[in-house]
Amino acid sequence: MSLCLSCGLCCDGTLFRRVPLEPGEGARLGPRVRLSEGDGSLVQPCRALSERKCGVYEDRPAVCRKFRCLALEQLETGELTEDEAQELVSEALARRRRLAEVMGFEDEVHALSLARAQAAAGLLGDEATAALERLSRTLFFLNLTVQR
Ligand code: SF4
Ligand code: SF4
């Protein structure tokens, strides 16, 4: 789906931090992905992601095969037009970029992760808090489930 090729938010650590795997999937994927030492789940940002494309597409885990964010579902059912779905993705990417700017990092996913940790600890500054809230709202509409 072309929407996904301009997005990658469900693979790059923005929407999720871990992907639960079925028995044997970790061994099958091997070093092509990074696995958690704790529960063996796939750690995001996913190592297999390259320029918003899954590098193990034919061999991807079952959860990845099944996952569809709300925007993608609504695009497929006709509840959203391609332009509307693309606008949601573009807004999320722009708001993530803005948060990284405010945080002073080039790595947007790292900035997001740090902002979430600082917000949870009550240490995030006002401007970054506002940027994180704007991003979280867009991610909520994109997927309706956001891991903090
Ligand atoms: S978040 Fe949605 S649109 Fe983006 S890559 Fe994942 S399924 Fe595709
Ligand atoms: S294996 Fe592919 S679809 Fe699954 S998280 Fe990694 S890049 Fe995304």
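**Exercise 1. Place Leu80 in this predicted model: which loop holds Leu80, and is Leu80 buried or exposed?**

*Solution.*
Step 1. Start with the helices on either side. Leu80 turns up in the loop between helix H4 (70-77) and H5.
Step 2. Now check the cover. The relative accessibility of Leu80 is 16%. Buried means under 20%, so Leu80 counts as buried.
Step 3. Finally, look across to another leucine. Leu49 is 31 residues from Leu80 along the chain, and the C-alpha atoms of the two are separated by 26 Å.

**Exercise 2. Go just past that loop, to Glu82. Which residues gather with Glu82 in a patch, and what is the charge of the patch?**

*Solution.*
Step 1. Find Glu82 first: Glu82 lies in helix H5.
Step 2. Look for its partners. Asp83, Glu84 and Glu87 gather with Glu82 on the surface, and the charge of this patch is negative.
Step 3. Test whether Glu82 is open enough to qualify. A patch residue needs over 30% relative accessible area, and Glu82 has 43%. That value makes Glu82 partly exposed.

**Exercise 3. Stay in helix H5. Which residue forms a salt bridge with Arg95, and how many residues apart are the two?**

*Solution.*
Step 1. Check the contact. A salt bridge needs a nitrogen and an oxygen within 4 Å. The closest N and O atoms of Arg95 and Glu91 are 3.8 Å apart, so this pair makes the cut.
Step 2. Count along the helix. Arg95 and Glu91 are four residues apart in helix H5 (residues 82-103), so about one helical turn separates them.
Step 3. Add the surface values. Arg95 is partly exposed at 25%, and Glu91 is partly exposed at 32%.

**Exercise 4. Try another pair in helix H5: Glu101 and Arg98. How far apart are N and O in their salt bridge, and is Glu101 buried or exposed?**

*Solution.*
Step 1. Read off the distance: the side chains of Glu101 and Arg98 meet with N and O at 3.2 Å.
Step 2. Place the pair. Both residues lie in helix H5, three residues apart, about one turn of the helix.
Step 3. Compare with the cut-off. Exposed means over 50%. Glu101 has a relative accessible area of 51%, so Glu101 is exposed. Arg98, at 36%, counts as partly exposed.

**Exercise 5. Widen the search. How many salt bridges are there by this rule, and which residues are linked with Arg96 in a network?**

*Solution.*
Step 1. Take the count: it comes to eight salt bridges.
Step 2. Pick out one more pair. Arg68 and Glu76 meet in a salt bridge, with 2.9 Å from N to O. Arg68 is partly exposed at 37%, and Glu76 is partly exposed at 38%.
Step 3. Now the network: salt bridges link Arg96 with Asp12 and Glu108.

**Exercise 6. Switch to positive charge. Which residues gather with Arg17 in a surface patch, and where is Arg17 placed?**

*Solution.*
Step 1. Name the partners. Arg18, Arg34 and Arg47 join Arg17 in a patch of positive charge on the surface.
Step 2. Locate Arg17: it sits in the loop between helix H1 (2-5) and strand S1 (18-19).
Step 3. Check the cut-off again. With 31% relative accessible area, Arg17 is partly exposed, and a patch residue needs over 30%.

**Exercise 7. Last one, on cysteines. How many disulfides does the structure hold?**

*Solution.*
Step 1. The count is zero.
Step 2. Look at two cysteines anyway. Cys4 is partly exposed at 34%, and Cys11 is partly exposed at 24%.

Note on methods:
Residues numbered from 1 in each chain as written. Chains lettered and ligands numbered in written order. Predicted model: local features only at pLDDT ≥ 70, side-chain atom pairs only at ≥ 80, totals over all residues. Heavy atoms only, no water. Patch = residues over 30% accessible without salt bridge, like charges linked within 9 Å, V, L, I, M, F, W, Y side chains within 5 Å. Areas by Shrake-Rupley, 256 points an atom, 1.4 Å probe, with all protein chains shown as cover. Lys, Arg positive; Asp, Glu negative; His and termini not counted. Charge placed at Lys NZ, Arg CZ, Asp CG, Glu CD. Buried < 20%, exposed > 50% of the residue type's maximum accessible area, 1.4 Å probe, protein only. Disulfide = S-S within 2.5 Å.
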